[in-house]
Amino acid sequence: MQIGNGKNILINSDNLVFMHKYKDAYTDKVDVICIDPPYNTGKKMGKYRDSFGSMQNWLDFIKPRIEYAKLFLKESGLLFININDRNSPYLRVMCDEIFGIQNFVSTIIWQNKYTVSNDTDNITTQTENILVYSKNIKKMKINRDNLKDVYVSKTYKNWDNDPRGAWRKGVQLFKKKTEKKYTVTSPTGKEWTKGWNYSEDRWYEELVKNDLIYWGEDGNACPTKKVFLKDSRGIGIKNLWLGSEVGYTQDGTKDLENDINIEASFLYPKPIKLMKRILEISTTDNSLVMDFFAGSGTLGRAVQIYNKENSKNINFV
């Protein structure tokens, strides 16, 4: 088996057997691991029964696989684990021990269900969790979303004909809770005394020297910072993912049936849009991604579609 040969690899094997056999081949080689392990629901799930007898048995099953996941990831690598509410706290503690609590990134809340169960007196659960861990949080990179065109056109303008281009105004430069205060003077001579976000030295070295302060149209308003469009890092990633944006569980079944053209016997596959969202925020042009609970192959299929739509060359195992 070769790594990085430009080909996707699909393996039919017990995952722990595979991971042990190819440990040397994949150690420190994988950029992103995304898994959807059994949930230990005790229910029959199509061709297998999702039952391990106890929480401890389930954790004993999961633990060596998570340990291999850490081994396989690059220092900058990320692990995404789909899991339900019941198991999430136990899995979180175990992953904290394996990866180190400092490498916990986030719990993404995915709205996987649209409808409410009216035939029960219980509270309807409409979400699942996606636990996110980094191998080394100091080296990981989460891709940001691009700014929306509508937002850019409304917010970024060249208010003062600055040769550096469009910028947005109104970025506050002070915090009420900052105790250390000093006074700055506007071009019209008006003084403002506040607990600024910048030390007095940095105010003049970074803001004044680089012409990053906006004093309002009349030069007399409370100063704000100029943020240029060319310097924008995009939009940060939120941890609440709505089904209307990334798909619901039922969409996963539709995706699978559209691909195979028959009724799906595999239950509860994840939607393609959900997997693509993970790829969007975690991969680069030539990333290697792995799913060792491949199920119906949703992640691999998502990689194929994502590559085609975005001219990427991501490979999957």
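Select tyrosine 214 first: in this predicted model, tyrosine 214 stands opposite threonine 224 in β11. Next to it in the sequence, select isoleucine 213, which stands opposite lysine 225 in β11. These residues belong to the pairing of β10 with strand β11 (residues 224-228), where 2 bridges join the two strands and the direction is antiparallel.

**The sheet of three strands**

Keep lysine 225 selected and look for a partner in another strand. Which residue of β7 should be added? Lysine 225 in β11 is also the bridge partner of valine 171. The pairing of β7 and β11 is antiparallel and extends over 4 bridges. Now display β7, β11 and β10 together: they form an open sheet of 3 strands, in the order β7-β11-β10, with antiparallel pairing. The edges of this sheet are β7 (167-172) and β10 (213-214), each of which pairs on one side only. While the strands are on display, a general point may be kept in mind: in a regular strand, side chains alternate between the two faces of the sheet.

**A hairpin**

Move to residues 182-185, which are strand β8, and then to residues 191-194, which are strand β9. How many bridges join β8 to β9? There are 4 bridges, and the strands run antiparallel. To see one facing pair, select threonine 185, which stands opposite glutamate 191 in β9. The hairpin of β8 and β9 has 5 residues between the strands, and among them is glycine 189, with a positive phi near 100°.

**Two asparagines with positive phi**

Most residues other than glycine have a negative phi. The next two stops may be read against that background.

Select asparagine 40, in the loop between β1 (30-35) and β2 (43-45). The phi of asparagine 40 is positive, near 55°, although the residue is not glycine. Is asparagine 40 buried or exposed? Asparagine 40 has a relative accessibility of 8%, so it counts as buried, the cut-off for that class being under 20%.

Then select asparagine 161, in the loop between α5 (149-155) and β7. Asparagine 161 also has a positive phi, of about 55°, and is not a glycine. Its relative accessibility is 69%, so asparagine 161 counts as exposed, for which the cut-off is over 50%.

**The sheet of seven strands**

Return to β1, the strand that precedes the loop of asparagine 40. Select valine 32, which stands opposite valine 289 in β13. Strand β13 covers residues 288-290, and 2 bridges join β1 to β13, with the two strands running parallel. Display the whole sheet next: this open sheet has 7 strands in the order β12-β5-β6-β4-β1-β13-β14, and its pairing is mixed. At the edges stand β12 (240-241) and β14 (315-316); each has a single partner strand, so one side of each has no neighbour in the sheet.

**Two helices**

Select residues 249-260, helix α8, and within the helix pick out aspartate 259. Aspartate 259 has a relative accessible area of 39% and is partly exposed. Add asparagine 286 to the selection. How far apart are aspartate 259 and asparagine 286 in space? Their C-alpha atoms are 25 Å apart, while in sequence the two residues are separated by 27 residues.

Now select helix α9 (residues 272-282), where lysine 276 is found. Is lysine 276 buried or exposed? Lysine 276 counts as buried, because its relative accessibility is 15% and the cut-off is under 20%. To see what surrounds lysine 276, show Ala302, Ile305, Tyr306 and Glu309, with which it is in contact when neighbours within four places in sequence are left aside.

**The whole chain**

Finally, clear the selection and view the entire protein chain, which has 10 helices and 14 strands. The radius of gyration is 25 Å, well over the 20 Å that the globule rule gives for 317 residues, so the chain is more spread out than a compact globule. Along the principal axes, the C-alpha atoms fill a box of roughly 80 × 55 × 40 Å.

Of the 317 residues, 41% count as buried. The accessible surface comes to about 18300 Å², and carbon and sulfur atoms account for 48% of this area. Among contacts between residues at least 6 apart in sequence, 69% join residues at least 24 apart. As a last view, colour the charged residues: the chain has 48 positive and 39 negative charges, and the mean positions of the two groups are 2 Å apart.

Definitions and conventions:
Residues are numbered from 1 along each chain as its sequence is written. This is a predicted model: local features need pLDDT of at least 70, side-chain atom pairs count only at pLDDT 80 or more; totals for chains, interfaces and linings use all residues. Side-chain values use heavy atoms; hydrogens and water are left out. The radius of gyration is taken over C-alpha atoms; the globule rule is 2.2 Å times the number of residues to the power 0.38. Buried means under 20% relative accessible area, exposed over 50%, partly exposed in between (1.4 Å probe, protein chains only). Contact means heavy atoms within 4.5 Å. Accessible areas come from the Shrake-Rupley method with a 1.4 Å probe; for residues, only the protein chains shown count as cover. Lys and Arg count as positive and Asp and Glu as negative; His and the chain ends are not counted. The place of a charge is taken as NZ of Lys, CZ of Arg, CG of Asp or CD of Glu. Two strands pair if DSSP finds at least two bridges between them.
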